[in-house]
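Reader: I've got this one open on my screen and would like to talk it through. Can you walk me around it?

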Number of protein chains: 2
Amino acid sequence: MEQNKFTYEKLLKFTCSVFEQIGCEAKDASSAAINLLNADIRGIDSHGIARLSSYIRIWEARRINAHAKPKIIHETQSTAVVDGDAGLGLSVAPFAMQVALSKAKAVGTGWVAVQNSNHFGIAGQYAMMALEHDMIGIAMTNASAIVAPPFSKERMLGTNPIAVAVPAGKEKPFVADFATTTASNGKLELLQRKNQGAPEGWIQDNLGEGVTDAHILKNGGALLPLGSDLTGGSHKGFMLGSIVDILSGVLSGANFGPWVPPLPAYLPLPEGMPGKGIGHFFGAMRIDAFGPGEDFKKNMDLWIQRFRSAQPVHSGQNVIIPGDPEREAEAILRKNGVVLHPEVVSELKSIAEKFSLVF
Amino acid sequence: MEQNKFTYEKLLKFTCSVFEQIGCEAKDASSAAINLLNADIRGIDSHGIARLSSYIRIWEARRINAHAKPKIIHETQSTAVVDGDAGLGLSVAPFAMQVALSKAKAVGTGWVAVQNSNHFGIAGQYAMMALEHDMIGIAMTNASAIVAPPFSKERMLGTNPIAVAVPAGKEKPFVADFATTTASNGKLELLQRKNQGAPEGWIQDNLGEGVTDAHILKNGGALLPLGSDLTGGSHKGFMLGSIVDILSGVLSGANFGPWVPPLPAYLPLPEGMPGKGIGHFFGAMRIDAFGPGEDFKKNMDLWIQRFRSAQPVHSGQNVIIPGDPEREAEAILRKNGVVLHPEVVSELKSIAEKFSLVF
């Protein structure tokens, strides 16, 4: 295989071994590794194995509990709060989504807020857990503050993604998964690596002025909410990010706003944290809780077909149905392997050395 | 009072009389009038009494049933589907939200999809019905297609607003209410009346080219999803509008996408409509379904205070908490009266004449 290109199986096996080395039980290590690699394999490589070294560093800083036992600490028939026991978000999130699915089976919908967790990779994969049960799945998380609301030069919110997965009949499911900022941090990191400037409307400097220097976040800059500026509707992006923060952080008893703990281990924890760890929020709705499931699937097929066939601006470039690009990426990457950035490869080699593994 | 300025009470009484004249029962007419006027009084005058003449015209076209009896046609413990019986959305929506509140009282959360309804005014007011019950309220609706997805020159979605209301303790509640487009149709209508151009990123022409002519919607143009273009994240605005359409339209058995019936009575109904009327979606979540309600309120106060005190870009211009501008507008407008556009006044006078009322 060409340099820096690796099969999915190799990356999965390695990641699983690393999680076992930090103390995860075999079953947890395997599930966490699959969930981390789901980002790489769906083409969202900023959230995948590229983050493994960050995870190891915060584990070394004793901010991740490899022996975590997530548990329900409050519940009603349709809701629960899960304490993640400071575990890997990659293990806590599927536990919590499973609770949401069980609640939905019983009473039509299930809603689970999570406290005391860590980064969970891509949100979409947890929303997608609902699909095989003929349910609509919802997943969101807060994250450490790198986004400035309108009128603020201070970073107050994470990129706070929202994912919604909707089953269809003959068509592939609709899967939306997006940061509530104009550009995700992953897209910005890509420009940083290439030493390229960012488009206008993505970032501002430490005084709140719009800039194009992709490295500005290191100097007190911030990502902008979806909409970029007030004329572009950035107050709406701010509201979206706030809703995610409130459901994931305030409702769960996790931290919120500028108090969400940072991913890089070298950054100190925020002072006066009001809650526990990072927060997530999950939802599951049985489609047959709203009428015959077959009717829903037939109409969802119609929705997808109708949108795909909207009159295109440029012939041959049709409307993209959410979920299509990631599915296409997955088909190619599973077959051809995943290309990693040389920096990521070198970090993985260091991890291998640390744990006497081979990469 | 100055010309074209009217007290809230006068507008409310007139609107109530008009709804009684078309055949609504007194109680329904009163509640519908209050819900329509809630838009004017919160400063969102595009969705208020300015739409009364449109409502009357679609009633004359027999597309609104003044004697509607909305009813539950499917339910589980946490969900319901409501058939609006082709009634005024202003009456159907509060009925459905009340069902969501009852479900939430029983099992923690309640989720109601609505079919066979009509325009319901501003979404925020129904989300806010949850507040007095110490619940988080959610409201959304689809609407006739005037928004083009990325890559489409065809109008496929309505402005599909999302509203989320969150109770706080000592602070006023957080109330987000926004169209999933860069600019709402109301803002565009304002520019049309003033014969002014629109900012870049709000609209495109019938070929899919970005333009600034605010009248372009009359010539096959379209509003753009939040984000404006792909660099600005318009695929995210499209995903948001789609989620609202799927929950409001597909899940409920209403129409969706380009099949949602138009508000202007002179426009023909779309061919091959797959569902019934316009669709809405409502949610209610008891805050004490996720832990002690007092803890939530204390932390929500902290959230609001912390965001309000984020370091401002310009001293004195602080971060705006969602809900503040509408509350401020309401305090002023209830006291000083509502100014209506001369065209709206003249339409109201015509309505008065039609029904032998005085305006």
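Author: Sure, here are some questions and answers about the domains, the chain contact, a few helices and one lysine. Keep in mind that this is a predicted model.

Reader: How is chain A divided into domains, and which residues make up domain 3?

Author: Chain A has three pieces on the domain list, and two of them are built from separate stretches: domain 1 takes 1-60 + 337-359, and domain 2 takes 68-179 + 228-322. Domain 3 of chain A is a single run, 183-223.

Reader: How far apart are the C-alpha centres of domain 1 and domain 3 of chain A, and what classes of residue does domain 1 bring to their contact?

Author: Those two centres lie 27 Å apart. The domains do meet, with four residues from domain 1 of chain A and four residues from domain 3 of chain A in the contact. On the domain 1 side, the split is one nonpolar, three polar and no charged.

Reader: On to the two chains. Which element of chain B gives the most to the side that touches chain A?

Author: The contact takes 66 residues from chain B and 66 residues from chain A. Several elements of chain B give two or more residues to it, including strand 3 (79-83), strand 4 (109-117), helix 7 (234-250) and helix 8 (293-308). With seven residues, the top contributor is helix 8 of chain B.

Reader: And how does that side of chain B divide by class?

Author: Going by class, the side of chain B that touches chain A comes out as 37 nonpolar, 25 polar and four charged residues.

Reader: What end-to-end distance does helix 8 of chain B have, set against its expected span?

Author: Helix 8 of chain B has 16 residues, so at 1.5 Å a residue it should span 22 Å. The distance between its end C-alpha atoms agrees with that: 22 Å.

Reader: Which elements do the buried residues of helix 8 of chain B pack against?

Author: The buried set in this helix is F296(B), N299(B), M300(B), L302(B), W303(B), I304(B) and F307(B). They pack against strand 6 and strand 7 of chain B, together with an element from the other chain, helix 7 (234-250) of chain A.

Reader: How many residues of helix 7 of chain B are buried?

Author: Helix 7 of chain B reaches 22 Å from its first C-alpha to its last, close to the 24 Å expected. It's mostly covered, and the buried count is 17 of its 17 residues.

Reader: How are helix 2 and helix 4 of chain B oriented to each other?

Author: Their axes come within 8 Å and cross at roughly 95°. At the contact, D28(B), S31(B), A32(B), N35(B) and L36(B) of helix 2 meet L90(B), S91(B) and P94(B) of helix 4. By class, those residues are four nonpolar, three polar and one charged. Given the crossing angle, the two helices of chain B are therefore roughly perpendicular.

Reader: At what angle do helix 2 and helix 4 of chain A pack?

Author: In chain A, helix 2 covers residues 26-41 and helix 4 covers residues 89-107, with their axes 8 Å apart. They pack at an angle of about 95°.

Reader: Last one: is K71(A) buried or exposed?

Author: K71(A) sits in strand 2 (residues 71-75) of chain A. Beyond its neighbours within four places in sequence, K71(A) is in contact with V82(A) and D83(A). Having 12 other C-beta atoms within 10 Å, and with 12 or fewer as the cut-off, K71(A) is exposed.

How values were computed
Residues are numbered from 1 along each chain as its sequence is written. Chains are lettered from A and ligands numbered from 1 in the order in which they are written. This is a predicted model: local features need pLDDT of at least 70, side-chain atom pairs count only at pLDDT 80 or more; totals for chains, interfaces and linings use all residues. Domain bounds come from an automatic or database domain assignment. Two residues are in contact if their C-beta atoms, placed from the backbone, lie within 7 Å. Ala, Val, Leu, Ile, Met, Phe, Trp, Tyr, Cys and Pro count as nonpolar, Asp, Glu, Lys and Arg as charged, and the others, Gly among them, as polar. Helices (H or I, at least four residues) and strands (E, at least two) are DSSP runs, numbered from the N terminus. The expected span of a helix is 1.5 Å times one less than its number of residues. A residue is buried if 20 or more other C-beta atoms lie within 10 Å of its own, exposed if 12 or fewer, and partly exposed in between; C-beta atoms are placed from the backbone. Axes are lines fitted to C-alpha atoms, for helices over the stretch in contact, and angles run from 0 to 180 degrees between N-to-C directions. Angles under 35 degrees count as roughly parallel, over 145 as roughly antiparallel, 65 to 115 as roughly perpendicular and the rest as oblique.
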